[in-house]
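Hello,

Here is the structure I promised to pass on to you. Please have a look at it first, and then read my notes below.

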Amino acid sequence: MSDKPKPMKFPPKAFQLDPDGENLIDSAHGKSYWRSYDQLANSPEFQTFLENEFPPGTMDLPNKLSRKKFLSLMGASIALAGLTACRRPVEKIIPYVNAPEEIIPGVSKNYASTMPFGTNALGIVVETHEGRPTKIEGNPLHSSSMGSANAFMQASILNLYDPDRSQAPSRKGYEVRWEDFTAFWNEQLTAFDAVAGEGLSLLSSAFASPTLFRLKTEFLSKFPKATWTVFDPVSDERIYQGIELASRQKLQPVHHFESAAIVLSLDSDFLFLDSNNVANSRRFSQARRIMSEKDSMNRLYAVESGFTVTGAMADHRLKVPSAQIMNFTIELAKELQNLGIPVEVDLPTSSLTVGRDHITWIKALAVDLATHKSKSIVLAGYRQPAEVHALVFAINDALRNNGKTITCYHPEHTANSSVTEYQKLVDDLGKGSVKTLVILGGNPAYTANENGEFLKGLNRVEHTIHFTDRENETAQNCEWHLPVSHFMESWGDAVSFDGTLSVIQPMIAPLFDSHSLTEIYSLLSTGELTPGFDLVQSTWREKLISGNFEQVWHHVLHDGVFSGSNYQAVRPALKNKNIFTKSEISEQNLPGLECVFIPSSSLWDGEFSNNSWLMENPDPVTKVAWDNVAVMSHSTAAKYHLKNKEIAKFTADGKSISCPVWILPGQADSTVTFSLGYGRTASGRIGNKVGVNAYKFKPLDSDIRQGVRVTGTGRFQIIACTQDHHGLDADKLAADAIHKRLPAILREASLDEYRLNPGFVKEVVEEPDLFSLWKDKSYDKGFQWGMSVDLNVCTGCNACSIACQSENNIPVVGKDQVERGREMAWIRLDRYFSGDLEDPEMVFQPIACQHCEMAPCEQVCPVTATVHTDEGLNAMVYNRCVGTRYCANNCPYKVRRYNFYNFTKDLPEIVKIAQNPDVTVRFRGVMEKCTFCVQRINQEKLRAKNNHQDLKDGDIVTACQQTCPTDAIVFGNINDPDSRISKLKKQNRDYALLGELNVRPRTTYMAKIRNQNSALNKNHFEKHIQ
Amino acid sequence: MSLLNHIPKQSADAPLDIAVPMFEDAPLISGNQSFASVTNRIAGVVEGPTPKMWWVLFSFSVSLLMVLVGSVGFLVWEGTGIWGLNNPVGWGWAIVNFVFWVGIGHAGTLISAVLHLFRQKWRTSINRFAEAMTIFAVICALLFPTIHVGRVWVLYWFFPIPNQMSMWPNFRSPLLWDVFAVSIYFTVSLLFWYVGLVPDIATLRDRAKTRAKKIIYGILSLGWRGANRHWRHYELGYLILAGLSTPLVLSVHSVVSTDFATSIVPGWHTTIFPPYFVAGAIFSGFAMVMTLAIIARKAFHMEDFITINHLEKMAKIIMVTGLMVGYAYSMEFFISWYSGNEFEKFAFINRAFGPYAWAYWIMISCNVIIPQMFWSKKLRTNVAVLFVLSIFVNIGMWFERFVIIASSLSRDYLPSSWDYYSPTIWDISTLIGSFGLFFTLFLLFLRFLPMISMAEIKGVLPQANPHHTMYDKPGVAHQSR
């Protein structure tokens, strides 16, 4: 990004056949020709050329000032030297002639809906303003979101307003109408009717939806010889396989962390990236939260290769390469057997060497698990092979967790992804036995094109039809491209892991000429477009709702869930002792590195790659935005002579990938973690050409690649990182300073220490006698707003950051600006390491404006653009701000964000619809920062006043608080002794960050407590290092 | 003449029949000048043909000025993002340049006002262009706070202009104190300079040959006829303005230093700042006067009026203020250690050994180590050495402000926000351009106004003493023994 794009000569020089088959033009015969201009125009080289010549939507960055522009500006600036009174363009607004009922301009309406995510359904509440959705929140009535929303859920609103979505159907690159497709498809249907669908293949993403499942079943009954393959690049397939291997049943597990005292996570990021993470986080935090030193809290053990958010929460973390997790689990099972826990599995011999003290570790862990029967959870991540999941099932069975802390359900209405099915489809394509291929969502040309086989096969298919939201890598290679509506434009339904049924209701009519997946599924079997509403209603009328349909339907729409619809839990038993086919699992000591591929914390599997909020949202662990990096430990980098940000070439099995190195403490040695979802070529203006496409290096049927060799290239890449990790860059001065400051910034103790000394928080910093030289304004009347952040449950998941971005119209600034340190996040998550550099602990601290009563920013503003309100808010008057940036300099928390440019200038018209109309969009030259969601405060105050009510505690929720999956953020009136916030602030763990400066912040933090196993305990106070 | 009241003691102006003093300073003005020759030499520069060299320098300066105009134009067009500023470092080169230029100005006021009150006769040769330098430096300085704000077009909100919304500026903000301090300083300096110019402009008017010059100089000279009453009022007015300017020498940079001292940024929050900034300002100002004086005396052959004696005196002041600045540097370290405050301690250790150590050691070398050469009389009377050293001092003083601003902001309280600041091409072009503005104004001054105060120079000539034999023979030079 930062490199100047080099204009390409036309026609582009090299038209070689791309090994991945991305190029249509066959130049295998030496001299390169192109067959038609159209084909040339579709080639990636030409597209690159076009984009470099005319980059879409890129800001005219001032650093690339042309001579001509410079001269014209010179002239203009001299000529207009005195002319500064510019006026804003006049825009007319048109009032309703016939006002629609129920719409009060300026008052938002909230609707319940559902976001389908893989085979899960996430309940959401959508805020709409005058008919346009602006914000997504979790639905408190829904079991999979429980009122919270993760970053993906929040940011999916931006996918709706993505200007790069396809606006109309196309065939061979030419725009067509839906009628053209239905005519074509009816011909196809007639032809396939005769042969019962032979030669017709469908490829869809995984789904869990009664209507889609019904339509799929109908389709297959109509065309019994047609194949329907379900595939997702990131899926829980191996979890289901493992449970099936052990119990001989297809089951969906749901974990009840709220009732587990001990949790062991084996390579699972269940709090952040693994399935059901929102519900997991909410449940986990319930068992984690403590109100005093007398409370008990859960204990989390994490065994993983790369540092994850879950690993950061862990009380004990063991770094183990992903491929050795199996050995670890076997060792654990043996240890449990030794302790008399009947893990009834024939265990192979195995050996494990991961660290000096792993034996103590396993022993302590096994004792802990054995003493917490039916009150513990062992779970493994989806990347682990089926055998591990089967063994985990057996362990849980032996610990009597199944049925207690883990519930299993028979999933219905669900189509799960299958790699073997997909491989079979690719084989069929290659054999030429598929005449017509319909791809329903997904992007296999990008995610699952191993060795270019998918695209090679695709070229042999007579008709390829692709339904997706944009002209992505797959669409570019298909004959038909038909736009699919966003879920917020569609009628549909979904079922969550525990069987809760919910309806997807549209919030807005389709913005483009697209149809919903429901309508498309029906179109495929019937050949005509039926309204999605009718399709969904008929499913529900026929199969799901008995009794008064209208009444129940209305309730389902209103609540967003069909209450009482969840599955009956089943109590599966261990049915198979012979999980392991081999009698010996050797130590996976292959030479070279182990590469692990994880979904990106920003872009997931690439689905969100054109989402600018997520793209700019730094990874919680690496703090890198706008790129993916090869994460490795210090010693691994040193072993291969690699430096941070150096582009390294990874090679294995004839494949290679070049990716910048990112050194991160805590990564298991000889392992590298890659994020998927980057390196897209046909994603859109945000996602194209950002990062490296790790799918090219990932094995199709595994998320781990072993035996990888690596060499440095000596070239370096500019990486936009929002938090430099000093201390790592041999900056001893900085490392020492952080070491000294960290215990005060992020106060932490083990549970034992806390119990011994409940007042430890106040003893960390010796505060001078804080007094004022003048008579202070007393804030003892009316509402006095304050916030409390419980560091003990904060996982650092970034959901608050995206919620804030959505609520407060925070601009996206781009990689170059982030790299210059100008990101605009009002709430950021500071990440620190403590302890040993090779095996540290990681902690997070959300920091937004602390609303100091003695705000240093207010004293220095020359034009009183930032002032204190009577309710104790540090208010920012954008209109009055001149932009001296003095306030930002004087802010000890550095939470003030400055509009260095007019960042919203080039916002596409359609993205402007996503803006919250209650919040001003800031112009360049203006300072901004967290307002404690003042618009929400005033809305609720007005509502209460209009209804002649008193404002109750909890009526006002800030956006960050609302979405926090662990309920770590609490906001309220500190002047009310009975409010939740007042009670939290009275706790002995409460402390003011930098309180010794006497700025009296209204936001305070509650110290982090780690519940360490005394058998493994290390003294906490001694080991803050970085 | 007013100087009748206080006969200079040490000048070689004793009547011939008085015994020669035992210790005698070198004469202030050399070259055996008469009143007429002084006028001819100094006014001649203004009246004579424009030297080719002037045109060369002027074209160069105007080119740089155009760089400034372009940079500022682009800045207003695009926003402050074109500079290298980032989130922890909200102030960069613009504020560095502001403090630098304000500091430069101080020497002019010190020379004109303070040395006038202390009856330092040697100041007469340099005060005129030192004052001009003050005014032009303050113009450059005023430019930077103006353009560094995000929304230049609402800058008038800084001023307490009564308005219908009753919105007043924040009188607690040091930036507002700056507005008052610098604008008062600029006004008083301008008045002081202009009042001092009146008798000389009248001389130019009287000698003017073209009509345009007669009119312009005529208007500017405010009807000055050199009458006794005129001189009496002039002297009194000048004295009052000198009295008004004197506290400004101390106050302006003290106020500027409060921008930093009243903040809570470690490394800024220091009570030593006001005196330390004033010493630094005088230090850098004298260095700038030195640079300009050496150029001017060489270019316009003014060695008789700006003698090596003058330069040596300035060198001594530079050395003294340099020592004060060095003392302040060491006190900062001592206090940060003595305070026991981790943040303060780190700020200073980080300055000397952190990512900005290179700038810190440039500062120490230029401001503390190099001026020690002035202990040697040989070096401080060597024009070439003085010239080079004065430039070093100015570089060092620019870096002092850079170090204070950038290193403190880049690493303050929370390590998560730490970031490094480096300038962009636009920061550099704006600084270079401001020198263009300064030198353009200075060259115009040299060309159109007398660069040395003729009236005051005459007052320190030996024959200005009424007892002098040549007192009533203005055209004849004093004969030295």
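Helices (H or I, at least four residues) and strands (E, at least two) are DSSP runs, numbered from the N terminus. By that count chain A has 31 helices and 43 strands.

A word on conventions: residues are numbered from 1 along each chain as its sequence is written, and chains are lettered from A and ligands numbered from 1 in the order in which they are written. This is a predicted model, so local features need pLDDT of at least 70 and side-chain atom pairs count only at pLDDT 80 or more, while totals for chains, interfaces and linings use all residues.

On confidence, the model scores ipTM 0.88 and pTM 0.86. pLDDT is the predictor's confidence in each residue, from 0 to 100. For chain B its mean is 86, and 91% of the residues of chain B reach 70 or more. Please treat one stretch with care: over residues 1-23 of chain B the pLDDT is below 50.

Now to chain A as a whole. The domain assignment, which is automatic or taken from a database, gives domain 1 (1-55), domain 2 (170-235 + 416-559), domain 3 (237-413), domain 4 (590-721) and domain 5 (732-1010). Between the C-alpha centres of domain 2 and domain 5 of chain A there are 45 Å. Of the 1026 residues of chain A, 55% count as buried, meaning that 20 or more other C-beta atoms, placed from the backbone, lie within 10 Å of the residue's own (exposed is 12 or fewer, partly exposed in between).

How do the two chains meet? Taking a contact as two C-beta atoms, placed from the backbone, within 7 Å, 49 residues of chain A are in contact with 52 residues of chain B. The elements of chain A that give two or more residues to its side are α3 (67-79), α21 (732-745), α26 (856-860) and α27 (886-889).

The largest nonpolar core (buried Ala, Val, Leu, Ile, Met, Phe, Trp, Tyr and Cys residues joined through C-beta atoms within 7 Å) has 418 residues. Among those with the most contacts inside this core are Leu391(A), Ala630(A), Met133(B) and Val289(B). Helix α8 (residues 273-299) of chain B gives the most to the core, with 17 residues. Leaving aside neighbours within four places in sequence, Val289(B) touches Ala107(B), Ile111(B), Ile126(B), Ala130(B), Met133(B) and Met314(B).

Helix α7 (residues 237-247) of chain A is worth a look too: nine of its 11 residues are buried, including Tyr240(A) and Leu245(A). Their cover includes β9 (252-255), α12 (386-398) and α13 (419-431) of chain A. Just after α7(A), Arg248(A) takes a positive phi of about 60°.

β9(A) also belongs to an open, antiparallel sheet of three strands, in the order β9-β15-β22 (chain A); strands pair if DSSP finds at least two bridges between them. The edge strands, each pairing on one side only, are β9 and β22 (569-570) of chain A. Four bridges join β9(A) to β15 (residues 406-409) of chain A, and one partnership is that of His255(A) with Ile406(A).

Finally, two loop residues. Asn798(A), between β33 (785-790) and α24 (799-807) of chain A, has a positive phi of about 75° although it is not a glycine. Cys933(A), between β39 (927-928) and α29 (934-946) of chain A, has a positive phi of about 50° and is not a glycine either. Cys933(A) counts as buried because it has 26 C-beta neighbours inside 10 Å.

Best wishes
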